[in-house]
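Welcome, and please load the model in your viewer. We will go from stop to stop, with something to select at each one.

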Amino acid sequence: MKELKDYADEINKCSKCGLCQAVCPIYKETGNDCAVSRGKFVMLDGVLKGDLKLNKTINKYLEMCLKCGKCTDFCPSGIDVCEIFRTAKHEYLKNTLEGKLIRFIQSKAVFKNLLKIFNRKKSSAKGNTLYFAGCAEKIFPNNTYAIRDILKVLNFETNEPDFDCCGVPFLASGNLERYNEAMEYNTRLLNEQNGDFILTDCTSCENALKNYPNLNKKVTNTSDFIAQQNIKFIFKEKQTITFHKPCHLKDDTFLKVILSKCENIEYREMENYDDCCGFAGQFALTNRKLSLALTKKKAKNAINTGADIILTTCPACILGIKQGLIQECGFFGKQPKVMYFSEFLSKADIIQQTA
Ligand code: SF4
Ligand code: SF4
């Protein structure tokens, strides 16, 4: 496992050009240079030179990050910003009480038992398609049922063994040992199972699985998969929808393709549809005010379209948009519905294969 000092050269590659400021949602909201990658690299460079201590204050700025990866995609020096931040976080947490608590809650025994309180969905092992539901779908299983319905029309059955978490929350909190445990367990299980390819409907799980180094099966998100099928979704009544693109969704070309397979849908693009929703799991707890401000902005843009339904492909984004809608419309006020894209498709009055 790499340590922060192993990234010294990478950190020094930062030319302090400041281009990351233009894309970082946190910088746009706060104007604080310590919150964007450039500022964090100045601090981490100070730590490596012995001028600064990797303390609570630096950790606060490390946590002031949505892990959206926008700065990584944009950085002209090609620095893997998120990897450096999580290594620094891992180093900080190693000897703190907070780190011990995180490691306890995220340990396999505790984490899986917490999920079992919610999860009443039975796993199945008969199908020809491996389905990786992810932890959020274990708590809110509607989407897994929706996927099964759509796959049935296409003559696919799901095989859903008892996976561990994909590991994204462990990475985000710097618990790299627990991430490696989950990654190795899931890789072994996925490689051994029936099923030629792996489907998942959670953008974060998709990203995590695609980064497992020894996985020997192809990972596809369900929206890309549906876009490639000969299938039609007929809604008897007209539906107006808008779509939020999660930060970790690299390619959303499926959206237009699937909409062309739907009858009676009107799509209205929201302003900044690919801006972060502002939730980002743990970020919503550790940076409450910032998260509320960003989710409110997202909800406002969605409401302005006048669409009845807001669709997305990430469970954390669903929570973020709902958090924003409560702020914009009030808890009991009239709000647009928020749903997974696949769940929405499964509600079509007729789903049929086409020639
Ligand atoms: S864009 Fe990259 S090189 Fe430029 S300041 Fe940001 S992190 Fe440094
Ligand atoms: S990952 Fe996103 S939130 Fe974090 S520093 Fe980069 S652009 Fe900002």
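Before the first selection, one definition will help: two strands pair if DSSP finds at least two bridges between them. Keep in mind, too, that this is a predicted model.

**Stop 1: the open sheet**

Select β1, β2, β3 and β4. These 4 strands form an open sheet in the order β2-β1-β3-β4, and the pairing is parallel. Which strands stand at the edges? They are β2 (158-159) and β4 (218-221); each has a single partner strand, so one side of each is left without a neighbour in the sheet. As background, strands of a sheet pair through backbone hydrogen bonds, either parallel or antiparallel.

Now zoom in on β3, residues 197-200, which pairs with β4 in the parallel sense over 4 bridges. To find the register, put a label on F197: opposite this residue, in β4, stands K218.

**Stop 2: the loop leading to β2**

Follow the chain from α10 (142-153) towards β2 and select N155 in the loop between them. Its phi is near 65°, a positive value in a residue other than glycine. Is N155 buried or exposed? N155 counts as exposed because it has 8 C-beta neighbours inside 10 Å, and the limit for that class is 12 or fewer.

**Stop 3: the domains**

Colour by domain next. The domain assignment gives domain 1 (4-95), domain 2 (116-223) and domain 3 (230-353). Between the C-alpha centres of domain 1 and domain 2 there are 30 Å. How many residues of domain 1 are in contact with domain 2? There are 5, and they meet 4 residues of domain 2. On the side of domain 1 that touches domain 2, the residues divide into 1 nonpolar, 1 polar and 3 charged.

**Stop 4: the two ligands**

Select ligand 1 and show its surroundings. The shell has 13 residues, and the closest are C14, C17, C20, R38 and C75. By class, this shell around ligand 1 holds 7 nonpolar, 4 polar and 2 charged residues.

Then move to ligand 2, which is surrounded by 15 residues. Here the closest are C24, C65, L66, C68 and C71. For the secondary structure around ligand 2, show α2 (25-30), α5 (70-74) and α6 (81-93): each supplies at least two residues of the shell. The shell around ligand 2 is made up of 11 nonpolar, 2 polar and 2 charged residues.

**Stop 5: β5 and its partners**

Select β5, residues 231-243, and go through its pairings one by one:

- With β6 (residues 262-267), β5 runs parallel and is joined by 5 bridges. The bridge partner of F233 in β6 is C262.
- With β7 (residues 309-312), β5 pairs in the parallel sense over 3 bridges. F243 stands opposite L311 of β7.
- With β9 (residues 350-353), β5 runs antiparallel, and 4 bridges join the two. K232 has Q352 of β9 as its bridge partner.

Add α15 to the selection to see a β-α-β unit: β5, α15 and β6 make one that is right-handed.

**Stop 6: K245**

Continue past the end of β5 into the loop that leads to α15 (254-259), where K245 is found. K245 counts as buried because it has 22 C-beta neighbours inside 10 Å, where 20 or more are needed. Which residues does K245 touch, leaving aside those up to four places away in sequence? They are D252, Y273 and D274. Also draw a C-alpha to C-alpha distance from K245 to T203: the two are 42 residues apart in sequence and 9.8 Å apart in space.

**Stop 7: two residues in one loop**

Finish in the loop between β6 and α16 (283-286), and pick A280 there. A280 has a positive phi of about 55° although it is not a glycine. It is buried, with 25 other C-beta atoms within 10 Å.

E269 also has its place in the loop between β6 and α16. With 12 other C-beta atoms within 10 Å, E269 is exposed. As a last selection, draw the C-alpha to C-alpha distance from E269 to G195: these residues are 74 apart in sequence and 36 Å apart in space.

Notes:
Residues numbered from 1 in each chain as written. Chains lettered and ligands numbered in written order. Predicted model: local features only at pLDDT ≥ 70, side-chain atom pairs only at ≥ 80, totals over all residues. Near = placed C-beta within 6 Å. Nonpolar A, V, L, I, M, F, W, Y, C, P; charged D, E, K, R; others polar. Domains from an automatic or database assignment. Contact = placed C-beta atoms within 7 Å. Right-handed = clockwise from strand over helix to strand, strands pointing away.
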